[in-house]
Amino acid sequence: MAGDLPFRFRFRVRYGECDAQGVVFNARYADFVDISVNEYIRTLFGNYQNLLDQDLDIQVVSLTMNWKAPAKFDEVLEARIRTGRIGNTSFTLHLEFLRYGDEAFIAGADITYVVIQPSVMGKVTIPDHIRQLLEAGAPGGLISHAGEGS
C-alpha cells in the first residue's frame, strides 16, 4: 500500500441516502466509493480527462463491501483510500469509511479496476507512468466536501 498516511475524502451524509431505519441504505455505499475514488483519481492524475486524452479509461470489475456500524443523516464520513495490488492490467483500491470526529469504523471496501483503451474497448497493460502514480498514491492528501471546517 502506498505511503504511511492514506488519502482522505470527507463528505456529509444526505437525507436521501438514508433508509426507513434512519441509517445509510447499503446500496448508497457504492455511490460513496465512486465519489471517493473520483477524488482520489483526480488527485493522482490531475483530472479524469487526462486519462481519456491518453485513450485510457478504467472500468470496475469487482467491488466488495463490508459493514461494521451504521452511518446516519448529517454525519460526516471520511473515506481513507490507499492503492492496493497493482497487476498487469488491473489495480485495486482499498477504502475505509470512518465517522469523522470519533473515528468509528463504518465500512470497508475493495474496488478493482481494469485499464482499458476506449477506442477499441479492450483492456491494456497499465502504462508505466500510471503505475508510478498509483504506486506513489496521494499520502496525506485531504479533500473535503463536508463543510466541517477542516
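Contacts that span a long stretch of sequence dominate this predicted model: among the contacts in the protein chain with a separation of 6 or more, 71% join residues 24 or more positions apart. One example of sequence distance set against spatial distance is the pair Asp-34 and Ile-111, with their positions 77 residues apart in sequence but 9.5 Å from C-alpha to C-alpha. Asp-34 belongs to helix α1, which covers residues 28–45. Its relative accessibility is 40%, so Asp-34 counts as partly exposed.

Let us step back to the whole fold. The protein chain contains three helices and seven strands, and walking along the sequence you meet them in the order β-α-α-β-β-β-β-β-α-β. The radius of gyration is 16 Å, close to the 15 Å that the globule rule gives for 150 residues, so the protein chain is as compact as a globular protein of that length. Along the principal axes, its C-alpha atoms fill a box of roughly 45 × 30 × 25 Å. Of the 150 residues, 45% count as buried.

The outside of the molecule deserves a brief look too. About 7,700 Å² of the protein chain is exposed, and carbon and sulfur atoms supply 49% of that area. As for charge, there are 14 positive and 19 negative side chains, and the centres of these two sets lie 4 Å apart.

Now follow the strands, beginning with β3, which spans residues 76–86. Eight of its eleven residues are buried, leaving this strand mostly covered. One of its partners is β1, residues 7–12, and the two pair in the antiparallel sense over six bridges. To find this pairing in the structure, look for Phe-11, which stands opposite Leu-77 in β3.

β3 also pairs with β4, residues 90–99. These two strands run antiparallel, joined by eight bridges, and they form a hairpin with three residues between them. Two residue pairs make handy landmarks here: Ile-86 stands opposite Phe-91 in β4, while Ala-79 has Phe-97 as its bridge partner.

From β4 the path leads on to β5, residues 105–117, again antiparallel and this time joined by nine bridges. This second hairpin has five residues between its strands, and Gly-101 in the turn has a positive phi of about 115°. On this side of β4, Ser-90 has Val-114 of β5 as its bridge partner. With β3 and β5 both paired to it, how enclosed is β4 by the rest of the structure? Eight of its ten residues are buried, so β4 is largely enclosed.

A good place to finish is Thr-89, in the loop between β3 and β4. Is this loop residue buried or exposed? The cut-off for buried is under 20% relative accessible area, and Thr-89 has 16% relative accessibility, so it counts as buried. Its contacts help to picture the surroundings: leaving aside residues up to four places away in sequence, Thr-89 touches Tyr-113, Val-114 and Val-115, along with Lys-123, Val-124, Thr-125 and Ile-126. Val-114, one of those contacts, is also the residue in β5 that bridges to Ser-90.

Conventions
Residues numbered from 1 in each chain as written. Predicted model: local features only at pLDDT ≥ 70, side-chain atom pairs only at ≥ 80, totals over all residues. Heavy atoms only, no water. Helix = DSSP H or I, 4+ residues; strand = E, 2+ residues; numbered from the N terminus. Buried < 20%, exposed > 50% of the residue type's maximum accessible area, 1.4 Å probe, protein only. Contact = heavy atoms within 4.5 Å. Pairing = 2+ DSSP bridges. Rg over C-alpha atoms; globule rule 2.2 N^0.38 Å. Areas by Shrake-Rupley, 256 points an atom, 1.4 Å probe, with all protein chains shown as cover. Lys, Arg positive; Asp, Glu negative; His and termini not counted. Charge placed at Lys NZ, Arg CZ, Asp CG, Glu CD.
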